[in-house]
Amino acid sequence: MALTPQSVSSGSDADQRYAKFDERKRKRMESNRESAKRSRLRKQQRLEELTSETTQLQNQNSICRDRIDSVERNYRAVDAENNVLRAQLAELTERLNSLNSLTQFWADATGFPVDIPEIPDTLLEPWQLPCPIQPITASSDMFQF
């Protein structure tokens, strides 16, 4: 069979189509590689951001735990001091009642009138103050972390 210009041109057309197809396939593969590379870079960048954020949050968490521990220690110290003060209040109230009883006994025995005031409820129940306008004093170091 002899090559005619038509068969040569059709063979050439097929080669051109395959060449165009191969070129498109090569460009698509290269584009996919670039896209995958960009995707990996974005993923790596996101991973680094999340790692940094994790470290930052762990540091903040540690600071918060330290503050909580400090507040708990201060609370325990103040609670212990309050318990001591309550015990002292109870002891002093009992002493005052005993002294008032002795004074009343002495007044009854001697006939000498003595005015013995009752113990105010505010001493027995200090949380029920009659004058809520009075400021409650506190030192600034009580609230430091």
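The points below concern the helices, exposure, salt bridges and surface charge of a predicted model.

1. Overall make-up. The chain has two helices and zero strands. Helix H1 spans residues 5-110, and the residues discussed in points 3 to 6 are taken up with reference to that helix where their place is given.

2. Exposure of the chain. Of the 145 residues, 3% count as buried. The area exposed by the chain is about 13400 Å², and 57% of that area is supplied by carbon and sulfur atoms.

3. Salt-bridge network. The structure holds five salt bridges. Glu-23, Arg-26 and Glu-30 are linked in a network of such bridges. One link joins the side chains of Glu-23 and Arg-26, with an N to O distance of 2.5 Å. Another joins the side chains of Arg-26 and Glu-30, where the N to O distance is 3.8 Å. With the cut-off for a salt bridge set at 4 Å, the Arg-26 to Glu-30 pair at 3.8 Å is counted. Arg-26 therefore takes part in both links, to Glu-23 and to Glu-30, within the network that the salt-bridge definition gives.

4. Spacing and exposure in the network. Glu-23 and Arg-26 are three residues apart in helix H1, so about one helical turn separates them. Arg-26 and Glu-30 are four residues apart in helix H1, and the separation is again about one helical turn. What is the exposure class of Glu-23? Glu-23 is partly exposed because its relative accessibility is 32%, and partly exposed covers what lies between the limits of 20% and 50%. Arg-26, at 43% relative accessibility, is partly exposed, and so is Glu-30, with a relative accessible area of 41%.

5. Glu-91 and Arg-95. The side chains of Glu-91 and Arg-95 also meet in a salt bridge, at 2.8 Å from N to O. Both residues lie in helix H1, four residues apart, which is about one turn of the helix. Glu-91 has a relative accessible area of 41% and is therefore partly exposed. Arg-95 is at 49% relative accessibility and counts as partly exposed; the limit for exposed is over 50%, so Arg-95 at 49% does not reach that class.

6. Thr-93. Thr-93 is found in helix H1. Is Thr-93 buried or exposed? Its relative accessible area is 12%, so Thr-93 is buried, the cut-off for that class being under 20%. The side chain of Thr-93 reaches the backbone oxygen of Leu-89, at a distance of 2.7 Å.

7. Positive patch. Lys-20, Arg-24, Lys-25 and Arg-28 form a positive surface patch. Arg-24 is placed in helix H1. Arg-24 counts as exposed because its relative accessibility is 53%. Patch residues must have no salt bridge, so Arg-24, as a member of the patch, is without one. Arg-26, by contrast, is held in the network with Glu-23 and Glu-30.

Methods:
Residues numbered from 1 in each chain as written. Predicted model: local features only at pLDDT ≥ 70, side-chain atom pairs only at ≥ 80, totals over all residues. Heavy atoms only, no water. Patch = residues over 30% accessible without salt bridge, like charges linked within 9 Å, V, L, I, M, F, W, Y side chains within 5 Å. Areas by Shrake-Rupley, 256 points an atom, 1.4 Å probe, with all protein chains shown as cover. Lys, Arg positive; Asp, Glu negative; His and termini not counted. Charge placed at Lys NZ, Arg CZ, Asp CG, Glu CD. Buried < 20%, exposed > 50% of the residue type's maximum accessible area, 1.4 Å probe, protein only. Polar contact = N/O pair within 3.5 Å; in protein donor to acceptor, adjacent residues only side chain to side chain.
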